[in-house]
Amino acid sequence: MFSARSSPQSRRAYSLLAVLLASVAGAVNAMGFVALGAHASHMSGNMATLGESLAQGRWETARLPAQLMGVFVAGAFCATGLLDASRHRTRGRHVAALLVELLVLAAVGVGLASRPDTRAPELLWGFAFAMGLQNALVTRVSGAVVRTTHVTGMLTDIGIQLVQMLAWVRDGLHGKGAPGLWHRVRHLPSAVEFERTRLHLGLVLAFLVGCTLGPFLFLRHGAVTLVLPCTVLGVLAALDARLTVKPAPSSTAPDS
């Protein structure tokens with residue numbers, strides 16, 4: 001996705017895919033917490049809850065986080081299998097994974113609509129499966145550059161890249177003085193060196209927008225709000241079916 005061999009068109013297409021999926025993940029996570037009382041893709045939190053419950057001998061409270069982690073892994077397994085099976089296609093390589101995520105979220109929406117006051121763990125399983133699937137999809141598509149279902153890694157990368165950015169701007173002073181510095185500052189928004197920084201900032205913002213808009217609409221309109229992330233996934237699947245890419249050489253290579 002962000003290698004020198006990738007065309008600008010491919011990088012733009014996959015950047016759009018990642019940003020839209022980040023907004024979907026933010027909405028799903030926040031709606032899952034509002035509706036069902038847990039964040040579906042917060043595996044660090046689930047692991048901590050599992051450990052705390054085991055330490056205190058609270059076997060009942062240990063069950064749900066263990067289930068969510070298992071289902072999250074199952075989603076990642078499913079996405080990787082689907083991507084591996086379609087790696088030789090030149091079009092629609094990611095359609096199957098996107099449509100599976102769409103169908104799972106639609107099924108959760110139907111469950112929430114039919115039982116508005118429920119906190120059935122099966123619905124959280126659906127959210128966790130969808131998030132695991134999406135995380136594996138984006139990991140493969142980006143060559144492990146980005147994740148869309150959690151922001152810890154992205155915030156870390158932004159902190160690292162901001163230091164690199166400041167050093168790049170500062171280096172404009174060497175031998176050229178103030179004009180060189182100004183030249184670097186003016187070209188900072190379009191510098192190819194910081195393409196990933198701009199993407200990570202966009203992903204964090206998209207996740208926040210999803211986290212805000214999702215529960216805002218859910219509290220007013222209920223489960224029908226899940227139509228929005230499902231629509232985004234459907235549009236992405238249609239766009240992916242139109243995008244031509246080179247077949248992957250092997251099952252171990254990430255999608256480019």
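Is Arg63 buried, partly exposed or exposed? In this predicted model, Arg63 has a relative accessible area of 46%. Residues count as exposed over 50% and as buried under 20%, so Arg63 is partly exposed.

The setting of this residue is best seen from the chain as a whole. The chain has 256 residues, of which 45% count as buried. Its secondary structure comprises nine helices and zero strands, and the elements therefore run α-α-α-α-α-α-α-α-α from the N terminus on.

Arg63 belongs to helix α3, which covers residues 59-85. There it forms a salt bridge with Glu60, and the closest N and O atoms of the two are 3.1 Å apart. Why are Glu60 and Arg63 separated by about one helical turn? The two residues are three residues apart in helix α3, which means that about one helical turn lies between them. Glu60 has a relative accessible area of 58% and is therefore exposed, whereas its partner Arg63 is partly exposed. The structure holds one salt bridge.

Another surface feature involves helix α8, which spans residues 195-221 and contains Val209. Together with Leu205, Leu208, Leu213 and Phe216, Val209 makes a nonpolar surface patch of about 470 Å². Why can Val209 take part in such a patch? A patch is made of residues with over 30% relative accessible area; Val209 reaches 43%, so it passes this cut-off and counts as partly exposed.

Helix α8 also contributes to a pocket. The second largest pocket has a volume of about 260 Å³. Of the 14 residues that line this pocket, Ser41, His42, Thr149, His150 and Val151 are the closest to its centre. At least two residues of the lining come from each of the helices α1 (8-36), α2 (43-55) and α8. In character, the lining is made up of eight polar residues, six nonpolar residues and no charged residues.

The loops deserve attention as well. Pro116 is found in the loop that lies between α4 (95-114) and α5 (121-142). With a relative accessible area of 62%, Pro116 is exposed. How far apart are the C-alpha atoms of Pro116 and Gly222? Although these two residues are 106 residues apart along the chain, their C-alpha atoms are separated by 7.8 Å.

Technical notes
Residues are numbered from 1 along each chain as its sequence is written. This is a predicted model: local features need pLDDT of at least 70, side-chain atom pairs count only at pLDDT 80 or more; totals for chains, interfaces and linings use all residues. Side-chain values use heavy atoms; hydrogens and water are left out. Patches are made of residues with over 30% relative accessible area and no salt bridge: like charges are joined within 9 Å, nonpolar side chains (Val, Leu, Ile, Met, Phe, Trp, Tyr) within 5 Å. Accessible areas come from the Shrake-Rupley method with a 1.4 Å probe; for residues, only the protein chains shown count as cover. A salt bridge is a side-chain nitrogen of Lys or Arg within 4 Å of a carboxyl oxygen of Asp or Glu. Helices (H or I, at least four residues) and strands (E, at least two) are DSSP runs, numbered from the N terminus. Buried means under 20% relative accessible area, exposed over 50%, partly exposed in between (1.4 Å probe, protein chains only). On a 1 Å grid over the protein atoms alone, a cavity is a set of points where a 1.4 Å probe fits but cannot get out, and a pocket is an open set with protein on both sides within 12 Å along at least five of seven lines; lining residues have an atom within 4 Å of a point. Grid points are joined across faces, edges and corners, and a volume is the space filled by probe spheres set on the points. Ala, Val, Leu, Ile, Met, Phe, Trp, Tyr, Cys and Pro count as nonpolar, Asp, Glu, Lys and Arg as charged, and the others, Gly among them, as polar.
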